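Me: I'm new to this one, so can we go through it slowly? I'd like to ask how each label is earned.

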Amino acid sequence: MSDILIRKAAVVVTMNTARDEIAGGDVLIRGGVVAAVGQGLAVPAGAEVVEAAGCVVSPGLVNTHHHLFQTLTRAVPGGQDALLFGWLKTLYPIWSRFGPDEVFVSAQVGLAELALSGCTLTSDHLYLFPNGARLDDTIAAAAEVGLRFHPTRGAMSIGASSGGLPPDALVEAEAAILNDMVRVVDAFHDPRPGAMVRVGLAPCSPFSVSRALMRETAVLARDKRVRLHTHLAENDEDVAYSLAQFGCRPGQYAEDLGWVGEDVWHAHCVKLDAAEIGLFARTATGVAHCPCSNCRLGSGIAPVRAMRDAGVRVGLGVDGSASNDAGNLAAEMRQAMLLQRVSLGADAMSAREALEIATLGGAQVLGRDDCGSLAPGRRADLAVWDVSGLETAGAWDPVAALVLCGPPRVRDLFVEGRPVVRGGQITTLDLPRVIERQVRLARTLAA
Ligand SMILES: [Zn+2]
């Protein structure tokens, strides 16, 4: 792979320790890694030059929560206006008809959508495996699209007949779940710096698995040195379920079962109280903040300002496309900023803080100290945003404009130094053909 020099950007946003922003900046990529960042870098022999005049270059955005399979159930009638539990009950029967093709194609679509919104690293939470679907199907899709991927092996084990929310047909036996968790970690997890795939373990939620499975999964994750992920304190119904079934709030539930620590991140956390925020800060537990999904399901406004002030690590997530229903991570960055402002005032979150949460914050939540900033030695995951067009015409501050005038689409996207988007087009997929397959699958499901 030859060197790539991205040259003369309007601004390079480094997200390095000093948060340097370099006007007229260059970034040199060599061997999948950022080799140099600065002004007027020399063009190495044989290097490809990417002119970036009129562009902001930033670290790639990091998505910390998604259910890629849900791109096949966007805007489903009956689920459009429901709260979390009613929404799930509408969708479970549809998802039970999925198989490997549905999981693979929906992941291709979701990953392409993320890439075009500037995302270079995404996690995914796949928690149902009907009709032979496997985590392997999403990993194959990510390899094809070219995004750095943290799939998590989810699970549901408590069906409706045992007091859980999902139908019995969608739950698995706990022994089989644990066996498959071991299989996918051994087959796919790469702990090395620069890894393109890292596997996490992720029982779906307190209302769909047993406490025993939560505890055993935590033990297994620590044995295998992989990360833990689940949904927590998403809305009032979720907290009420915890109080009624477990006699405690979600934070206590997580702590009792070994689900706090540097290697754990929880999605949503809309309803964390002050004591729970303190617990997360003390234990370095991470949060995937999903602002559009929280709005869409009427869940509430997550206390992100209080979390950040307390030192909690926070990243952004688009959440599944059945509750968003977009998978545009740049839009989440803007929504995160707006939501804190509508609840706390215009100085509650700056555009630059939202960009930091979307890049460096997400990388920290996923344990990737090799990603999330543009500094020598970091992985070459970066987004080139054209700010010379209509949406930003007249903007005085191109970096703030990414968020305030957003959501923008990327012009170019590089992951591990490889182009995934060039000139606003995905380079790794025949996108029209993928969309056609997706539409056909969605029609069959609807019929
Ligand atoms: Zn979710």
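Me: What makes H65, H67, H231 and D319 donors of the zinc ion?

Reply: First, keep in mind that this is a predicted model. A donor has to be an N, O or S atom within 2.8 Å of a metal like this one. The NE2 atoms of H65, H67 and H231 and an OD atom of D319 sit at 2.1 to 2.4 Å from the zinc ion, so they meet that cut-off.

Me: Why is the arrangement of the four donor atoms called irregular?

Reply: Look at the angles: they run from 88 to 174°. Tetrahedral would need all angles between 85 and 135 degrees, and 174° breaks that, so that label is out. The arrangement ends up as irregular.

Me: How are the donors spaced along the chain?

Reply: The pattern is H-x1-H-x163-H-x87-D. H67 is in the loop between β6 (61–63) and α1 (84–95), while H231 belongs to strand β10 (residues 227–232), so this pair ties together parts 164 residues apart in sequence. Both H67 and H231 are buried, too.

Me: How do you know that the largest nonpolar core lies between the domains?

Reply: The protein is divided into domain 1 (4–59 + 373–426) and domain 2 (61–365). Both of them give residues to this core, so it lies between them. The core has 118 residues, and among those touching the most other members are W87, L88 and W95. Helix α2 (residues 100–116) gives the largest share, ten residues.

Me: And which residues does L88 touch, leaving out those up to four places away in sequence?

Reply: That would be W95, Y127, L165 and F207. There's also a second, separate core of 17 residues, including I4, I6, A9 and V50.

Me: What puts the buried residues of α6 on the same side?

Reply: In helix α6 (residues 236–246), the buried ones are D238, V239, Y241 and S242. They cover an arc of only 155° around the axis, and that puts them on the same side of α6. The general idea is that an α-helix has 3.6 residues a turn, so residues three or four places apart point the same way.

Me: What is on either face of α6, then?

Reply: The buried residues pack against α1, β10 and α7 (250–256). The face turned away from the buried side carries D236 and A244, which are exposed. After α6 comes G247, with a positive phi near 70°.

Conventions. Residues are numbered from 1 along each chain as its sequence is written. This is a predicted model: local features need pLDDT of at least 70, side-chain atom pairs count only at pLDDT 80 or more; totals for chains, interfaces and linings use all residues. Side-chain values use heavy atoms; hydrogens and water are left out. Donors are N, O and S atoms within 2.8 Å of the metal (3.2 Å for Na, K and Ca); water is not among the atoms, so sites may look incomplete. Four donors count as tetrahedral if all angles lie between 85 and 135 degrees; four count as square planar and six as octahedral if opposite donors are over 155 degrees apart and all others between 65 and 115; anything else is irregular. Helices (H or I, at least four residues) and strands (E, at least two) are DSSP runs, numbered from the N terminus. Buried means under 20% relative accessible area, exposed over 50%, partly exposed in between (1.4 Å probe, protein chains only). A nonpolar core is a set of buried Ala, Val, Leu, Ile, Met, Phe, Trp, Tyr and Cys residues joined through side-chain atoms within 4.5 Å. Domain bounds come from an automatic or database domain assignment. Contact means heavy atoms within 4.5 Å. The arc is that of the directions from the helix axis to the C-beta atoms.
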